[in-house]
Each structure stands twice: as structure tokens, then as C-alpha cells.
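Colleague: Before I rely on the labels attached to this structure, I should like to hear the reasoning behind them. Please take me through the terms one at a time.

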Amino acid sequence: MKLLHVAVWRLSLVMAVVLSVWAFSFYAAMMEEVDDETDDALEDFAELVIIRSLRGEHVPTAPTGSNNQYFQREVSPEYAAAHNAIDYEDREVFIKEKGETEPARVLTYIYRTDDGRYMELEVSAPHIDKEDLRRAIFYWSVFLYAALLVVLVVLNVWIFRRNIRPLYVLLDWLKRYRLGARNEPLVNPTKISEFRQLNEAARRYSERSEEVYEQQKQFIGNASHEMQTPLAVCLNRLDLLVDDETLSERQLGEILKVRRTLDNLTRLNRSLLLLCKIDNGQFPESSRVSFNALLNHYLPDYQTAYAHLHIGVRLHESGVFETDMNESLAAMLLTNLLKNAYVHNVRGGEIEINVTSTAVRISNMSDEGALDPSLIFMRFHHSRRREGSTGLGLSLVRAICRQYGLTVSYAYEGGRHVFEVRR
Amino acid sequence: MKILIVEDDRDLREIIAQSLEKERYVVEVAPDYRTAARKLAGYEYDCILLDIMLPDGNGLKLLEEKRKREKKCNVIILSAKDSIEDKVCGLDLGADDYLPKPFHLAELHARLKSVMRRKLRDGEAAVTCGNIAVYPDTFRVEVGGRPVELGRKEYDILLFFMYRVGRLVEKQVLAEAVWGDHIDQADNFDFVYAQMKNLRKRLKEAGATAEIKTVYGFGYKMTEP
């Protein structure tokens, strides 16, 4: 939901409540005023009638030109005791002159004459049709609400367009921002101090993360680098030991096992260094590389090495995938994918490779189930721990792809792992 | 054969020296660039093992020094950097080989032998063991003076062992050396065994005196008669 929508939505909600309350209060205040005025007039009229009546003057039976009516009758003392002396009510009254009923305000007066009789006087005046008034107020409120809403939306859009633009410039910049990549500087001049602060914060944090990212990259590079010589010392001491003729077979076996582990560590270290170098773009020399040629070059080696698994390989070349990149990195990219296709296969399984001019797709049978695409390209993620596996193979694949503007994706389709490299 | 080891790490320097002395090389060591330059100015060496990251300067400068002084010794660069630029730069400046750290001593010996072979006979020279002679420049193999035809992988395996006579070679190491680093996760080495069987058969038929023995459970070792 956009900020503009949220603002308009909230304002319209608040306005609906405010306008309802206002309409109700307005109606109540109006009615009270009207009733008050009418009651005063009725009281005067009633008093006049009563005074005349008590004086024994002639009381006109018919209303005197106005719509006021009255009606007088004698009531029992019990009735008088049971009712209020003065009572107001709204009622439909039949007006003889018009021959129709109309809403009226009715005042009922009970008084005692000098001779002790109780009289009830009912005076009425036609009144505003409250139903009509309510309806009118309701319709006008709705109309006001709609009109205000339109004004509000227009006003908001205008304000947003004029004032919030720097926010959108900043958001756009953040969206395009890639850590560790070449980013254009943030250009977002504004007079609004909040946005200036926001710009400054964004700039500061991006610089800070660049710094940390760079340090981290350098740290991994330096750490791996510093380990090379100690590793060499360990390996070579074991090499010297292995040449010792007096070793028993068991001792030799143990030493070779340690050496193999050290070899794995060496490989891991080299892969880490390589990742750093790729991320730093330290593979400048590019040439035109054909993935078809590389696949045809490396496939036989893997077929030989994994012959015991009896895996069938089908290579379909419907196009030539050629791209400009460092050849050894291209080889690394493909051999890592090929190796995985063999290592994560099943005995007697199958590997299918499709090459078009825009994509290379390698799929292999597997009994492992789908892998998590968000994890497999992470460093040191192992789906199944294997001896000698560095856990860096797919990270390398992704780093190489990113370096040369290729994309690599994973899917699990019909019991097969499918890796696809696209340009 | 006189070799100068230029390496700042004391442990590594000692180990390499020890290993080379066992092979009856005459070994001198230098822990930094200054010592190395002084030694190079004063003495003659057949080969220099050169670490390029030295506490007091880049080892590559020693290569320029060597050229200026018109020294004929060979140079193998030992580097922890393993960067292509260093490698290209080093080889351009006249180094004969480039060995990234960490390496196996067997690998160092093999490279040393390979470099020496080229130096001693100016190229067209054989690596020999018993009556087997391999000519790496023309990919020829002779046993007792008669040519022997080998498959490509068989030849690669033989040459690998010719440079590592008397050393135990693990199947894993052999597979990676002959087939390539990309075979690093193989867990079954039947394919190595199959090639080895063919190679042994060919050598035996040709009457070779040296043989590649199986060290059961570990790998192989080539032995001189």
C-alpha cells in the first residue's frame, strides 16, 4: 500500500466519523432551537386562551388565521392529578382547514378554574417535518463528505507530488543499490530537513556497509593467504615422514590420512581465495569461450572417473553457447556443475545436458528431494556431508556467473536437480 | 647440483633444505632479499627456489638482478599468492616454473628435475629410470632403446612417476595430476587402476627393468632396479 493511499484512506475514515458526529449534533441543536421557539409561541398562545377563558371572555373556536389550533375540555381531578400540568409532545394533528394531518408540536395544559373544575387545554402548532429534516441533513452530510474527499485526494496528491518527491528519489536509489558493486552517488537535493537527514543517513550507512564489506572481503583473503605457508609446512613435514622407510604400515596409513585432510583444507583455502579474487574482479583476461567445447572436453573425464556408477549422459546441443569470459573460470563453472551432477546422482542414474545459444541446462536424477534454492548457493552449505567437499562449489558457480552477467538458477523437476545458466 | 632456497618462513626453509639434501643436492638458504642478492652476486647456483613475498622486498626483483648479472641459473617461484599476474610476470622475467603454496615435496622435486633436465641437455633430453627413457619434448618413450607406444593417459602416468621415482603416490593425487583438479571428489579409483594395469602390461612386454609397484591400500611407487 502506498503512503498516499494510506493517508487518504485514514483521512476518509476519520472524516466519516467526524462528519457523522457533526451531522448528529447539528440536527440535535437545530431541533432544540426550533422546539424551543415553537414552545414559547405555544405557551403564549395557551396563556392567552386560558386568561380569556378564565375571564369568561369569548374564546374563538377556530384558529385565528394562523395554523394554531386549540382544544379545551373538562377533566376529572384524578386525571389532572395523574398528568403533568404542562406537557409538550410531537404528534400528527388533523388540520381541519387543510383537511390533512401534519406533524405538529402540541402543548397540553391542565388548569383549575376559579370554581374548582379542572380543564385541559391542548394547543398545537404545525411543526417542521423532522423526518424530512433528518433526511436533508443526512444527504447534505453525504454530499459534503464526498466533496471533502475529492478535495482531500486532490490536495494529498498535490502535496505528495510536490513535497515527497525526494523520498521517492531516495527509495529509487536504495532499490538500485548493490553492496560491493559500483553504485552511482546519491544526488537528491531538498530543502526539507527531514529528507536531508534521511539522505545523509542513507549515505552514511551505505558507506559504512561498503567499508565493512570491504574489510570482511580483505579479511577472508588475508586469512586464507596467511594460512598457505603454515599449511605448506604441515604438508611438507608429513611428506618427509612418509619417506621414512622405518614406518610401520599402520603409521603410514595414519600419516596419509592426515595428509589427505590437509589436502582438503588446502583445497578449501584455495577455493576461498578464488572466491575473493572473483569478487574482486581479479580475473581480467577474457576470451571468447564456448561452453559446448568445454563440456565436450570435460565430460569424458567425468564419465571415466564415475564409470562405476553407470550413469547415462545425454548431451543435446541445439545451439552454441558462447560468451566472453576468463577461460579457467568458465571451466570451473562447468566442472563444478558437472561434478555435482555425478556426485548427487543415483547408481544407474541419468544426466541430461541441453545447450542452446542462450542457456546451458544440466539436470540429474537424484533421490535427495528438492534442495532449498535460497541456501544451496551459500558458502559452506552442505546438503549432505561428503568427504572432500568444500561446500564452496556452488558459491563459486554463482560468483563466476555474477561476475560475467550470467544467471544461475536451481529447480527440482520430476525427481531431478536442474541447474540452468543463462546469459 | 647447487640450489639456493629463498624463503622467509624458517620452518618451510628448513624442511625444503632437509628434503633436498636427502636427494644429495647442495643447498644454501636465504631468509630475505638482501641475503639472496648477496649470495647470487657472489656464488653460482644451478637453481633458485624463490618465494616472492619477502620481508624486505619483492622476490621478482631477484629475477631482474639475475638477468642483469647474466647468471644462467634456473628459477622456480614458490608463492603463497597463486595469482595469475604474478605467475605471468614471473615467467616473463625469466622464471622457469611457478609452484603455488602449499605444495607437496614430491611435486617440488618433480618440478626441480624437470627444470634441471631442460637445463642440462638444453631441451631434447630424456628422463630415465632403469632402461626406461621418456622424452617429454617429443612425447616419446623408449625401453632399452626401442620405442614403445603408449596411450595418452598411460604416457601421462608414466611421466608423472618418472619424476617421482621412489616416492609413494596416492591414487587420489595421481588422479588429480593426470586427469585434472576437477576430479577432486572421486571416491572410486577403478579408472586409475585400469590405466595402470595397461601401462604395466606395456612396460613389462617391452622388458622394462623399473616397475610401478602397488603399495597396497595407499597407492603406487615406482622403483629403480
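The exchange below concerns a predicted model and sets its labels against their cut-offs.

Colleague: What makes B:Glu170 and A:Arg260 a salt bridge?

Modeller: The rule asks for a side-chain nitrogen of Lys or Arg within 4 Å of a carboxyl oxygen of Asp or Glu. The N to O distance for B:Glu170 and A:Arg260 is 2.8 Å, so the pair satisfies the rule. Across the interface of chain B and chain A, five salt bridges are found, together with 12 residue pairs in polar contact. On the side of chain B that touches chain A, α1(B) gives the most, with six residues.

Colleague: How do you know that chain B and chain A are in contact?

Modeller: Contact means heavy atoms within 4.5 Å. By that test, 38 residues of chain B are in contact with 41 residues of chain A. The area buried between the two chains is about 3,700 Å², and carbon and sulfur atoms give 54% of this area. B:Pro102, B:His182 and B:Gln185 supply 20% of the area that chain B buries against chain A, more than any other three residues.

Colleague: Why is B:Arg167 called buried?

Modeller: Buried means under 20% relative accessible area. B:Arg167 has 8%, and is therefore buried. Its salt-bridge partner is B:Glu23, at 2.9 Å from N to O. The two lie 144 residues apart, B:Glu23 in the loop between α1 and β2 of chain B and B:Arg167 in the loop between α6 and β12 of chain B. B:Glu23, at 34%, is partly exposed.

Colleague: Why is A:Glu184 called exposed, and A:Arg176 partly exposed?

Modeller: Exposed means over 50% relative accessible area, and partly exposed lies between that and the 20% limit for buried. A:Glu184 is at 51% and therefore counts as exposed. A:Arg176 is at 43%, so the label is partly exposed. These two residues form a salt bridge, with their closest N and O atoms 3.0 Å apart.

Colleague: What makes A:Glu254 and A:Lys257 about one helical turn apart?

Modeller: They are separated by about one turn because they are three residues apart in helix α6 of chain A. They form a salt bridge, with the closest N and O atoms 3.5 Å apart.

Colleague: What makes A:Leu148 eligible for a nonpolar patch?

Modeller: A patch residue needs over 30% relative accessible area. A:Leu148 has 34%, so that requirement is met. The patch, of about 420 Å², also includes A:Trp22, A:Phe26, A:Met30 and A:Leu144. α1(A) gives the most to the patch, with three residues, while A:Leu148 is in helix α3 of chain A.

Terms used:
Residues are numbered from 1 along each chain as its sequence is written. Chains are lettered from A and ligands numbered from 1 in the order in which they are written. This is a predicted model: local features need pLDDT of at least 70, side-chain atom pairs count only at pLDDT 80 or more; totals for chains, interfaces and linings use all residues. Side-chain values use heavy atoms; hydrogens and water are left out. Patches are made of residues with over 30% relative accessible area and no salt bridge: like charges are joined within 9 Å, nonpolar side chains (Val, Leu, Ile, Met, Phe, Trp, Tyr) within 5 Å. Accessible areas come from the Shrake-Rupley method with a 1.4 Å probe; for residues, only the protein chains shown count as cover. Helices (H or I, at least four residues) and strands (E, at least two) are DSSP runs, numbered from the N terminus. Buried means under 20% relative accessible area, exposed over 50%, partly exposed in between (1.4 Å probe, protein chains only). Buried area is the accessible area (1.4 Å probe) that two parts lose on being put together, summed over both. A polar contact is a pair of N or O atoms within 3.5 Å; within protein, one must be able to donate a hydrogen and the other to accept it, and residues adjacent in sequence count only if both atoms are side-chain atoms.
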